[in-house]
Amino acid sequence: MPLYANIQNLIWPIFLIGSLLMLIAYVYQFYDFENIEHQKKGRIEINDNEIIIDYKQRIEYAELIDLKFEMDSYHGKRINRYYRHPVEKKSLGINNSIRLKTKVKSYDFNFKLEDKIHFKELQRTVFEVVKSEKLTKIDLKRQIELIPNEMKKFNEYKIFIIKQIVDKKLNCKEGLLLHGYKSDKEALELRNKYCK
């Protein structure tokens, strides 16, 4: 009997073992967290009135001359996803940063967001702080950049922008572009209503 007649019996177990290993590796990647060395060194609290660092240092929003948030991910968020061939991992939630600047001192921190709810609450808090107009020493356009893109779809955002146009803090053209409109007709209606 020729050798190639029994080759199928040899290849079939190798194929099954290889397929099983690939399947295990594919499933494992959905439970694998990114590998970043980190150490918890303090605590930062962001509320409606101020930012509190390590329970003791309080920075009121009116003191800030610059503020920047980068909210990238939260603990457990899927990252590194590619269409049709994921090399997926889960985030540790520490790739977020905040930069604060007062006349006296500057701060730069990375911070952890525990979960998706924590992430959404922070986005909402940042939006509320900008909307309440407590960042008096920061340029309005810079404040609007702080608002997360997800919040810019809400009606509250559009009302805030209209208020800035009416109060003459934003010029009409810029304000309407920030507000967003679906057609030239809607833009004309907004211009006639709020820009005179």
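Me: Is Ile 159 buried or exposed?

Reply: This is a predicted model, and in it Ile 159 has a relative accessible area of 55%. The cut-off for exposed is over 50%, so Ile 159 counts as exposed. Ile 159 belongs to helix H4, residues 155-166.

Me: How far apart are Ile 159 and His 179 in sequence and in space?

Reply: The two are separated by 20 residues in sequence, and their C-alpha atoms are 8.4 Å apart.

Me: Which residues make the nonpolar surface patch?

Reply: Ile 7, Leu 10, Ile 11, Trp 12, Phe 15 and Leu 16 make a patch of about 620 Å². Trp 12 sits in helix H1, which covers residues 7-28. With a relative accessible area of 51%, Trp 12 is exposed.

Me: Next, pockets. How should I read empty space in a model, and how much space lies in the largest pocket?

Reply: The general idea is that rolling a probe the size of a water molecule over the atoms shows where empty space is left. Here the largest pocket holds about 860 Å³ of space. Its lining has 23 residues, and Gly 42, Ile 44, Asn 110, Phe 111 and Lys 112 are those nearest the centre. Strand E1 (44-46), strand E8 (106-111) and helix H2 (116-131) are the elements that each give two or more residues to this lining.

Me: Which element gives the largest share of that lining, and how many residues are nonpolar, polar and charged?

Reply: H2 gives the largest share, with four residues. By type, the lining of the largest pocket has nine nonpolar, six polar and eight charged residues.

Me: What lines the second largest pocket?

Reply: The second largest pocket has about 230 Å³ of space. Its lining consists of Lys 68, Phe 69, Glu 70, Met 71, Gln 123, Arg 142, Glu 145, Leu 146, Ile 147, Pro 148, Asn 149 and Glu 150. At least two of these residues come from strand E4 (66-70), and at least two from helix H3 (140-146). The lining of the second largest pocket divides into five nonpolar, two polar and five charged residues.

Me: A cavity is read in another way, I gather. How many cavities of 30 Å³ or more are counted, and what is the volume of the largest?

Reply: A cavity is a set of points where the probe fits but cannot get out, whereas a pocket is an open set. The count here is one cavity of 30 Å³ or more, and the volume of the largest cavity is about 40 Å³. Around the largest cavity stand Ile 46, Tyr 61, Leu 67, Phe 69, Val 126, Val 129, Val 130, Leu 135 and Leu 146. E4 and H2 supply at least two lining residues each, and H2 has the largest share, at three.

Me: How many residues of the largest cavity's lining are nonpolar, polar and charged?

Reply: Nine are nonpolar, and there are no polar and no charged residues in the lining of the largest cavity. Phe 69 and Leu 146, listed there, also appear in the lining of the second largest pocket.

Me: Now the charged side chains. How many salt bridges does the structure hold?

Reply: In general, side chains of opposite charge can pair when their charged atoms come close. The structure holds 15 salt bridges. One of them joins Glu 70 and Lys 68, with the closest N and O atoms 3.5 Å apart. Glu 70 is partly exposed at 36% relative accessible area, and Lys 68 is partly exposed at 33%.

Me: Which residues are linked with Lys 68 and Glu 70 in a network of salt bridges?

Reply: The network also takes in Arg 99 and Asp 108. Arg 99 and Asp 108 form a salt bridge with an N to O distance of 3.5 Å. Arg 99, at 35% relative accessibility, is partly exposed, while Asp 108, at 52%, is exposed.

Me: Which parts of the chain does the pair of Glu 174 and Lys 141 link?

Reply: Their side chains meet in a salt bridge at 3.2 Å, N to O. The pair links distant parts of the chain, with Glu 174 in helix H5 (residues 172-179) and Lys 141 in helix H3, 33 residues apart. Glu 174 has 26% relative accessibility and counts as partly exposed. Lys 141 is also partly exposed, with a relative accessible area of 42%.

Methods:
Residues numbered from 1 in each chain as written. Predicted model: local features only at pLDDT ≥ 70, side-chain atom pairs only at ≥ 80, totals over all residues. Heavy atoms only, no water. Patch = residues over 30% accessible without salt bridge, like charges linked within 9 Å, V, L, I, M, F, W, Y side chains within 5 Å. Areas by Shrake-Rupley, 256 points an atom, 1.4 Å probe, with all protein chains shown as cover. Salt bridge = Lys/Arg side-chain N within 4 Å of Asp/Glu carboxyl O. Buried < 20%, exposed > 50% of the residue type's maximum accessible area, 1.4 Å probe, protein only. 1 Å grid on protein atoms, 1.4 Å probe; cavity = no way out; pocket = protein on both sides within 12 Å on 5 of 7 lines; lining within 4 Å. Points joined across faces, edges and corners; volume = space filled by probe spheres on them. Nonpolar A, V, L, I, M, F, W, Y, C, P; charged D, E, K, R; others polar.
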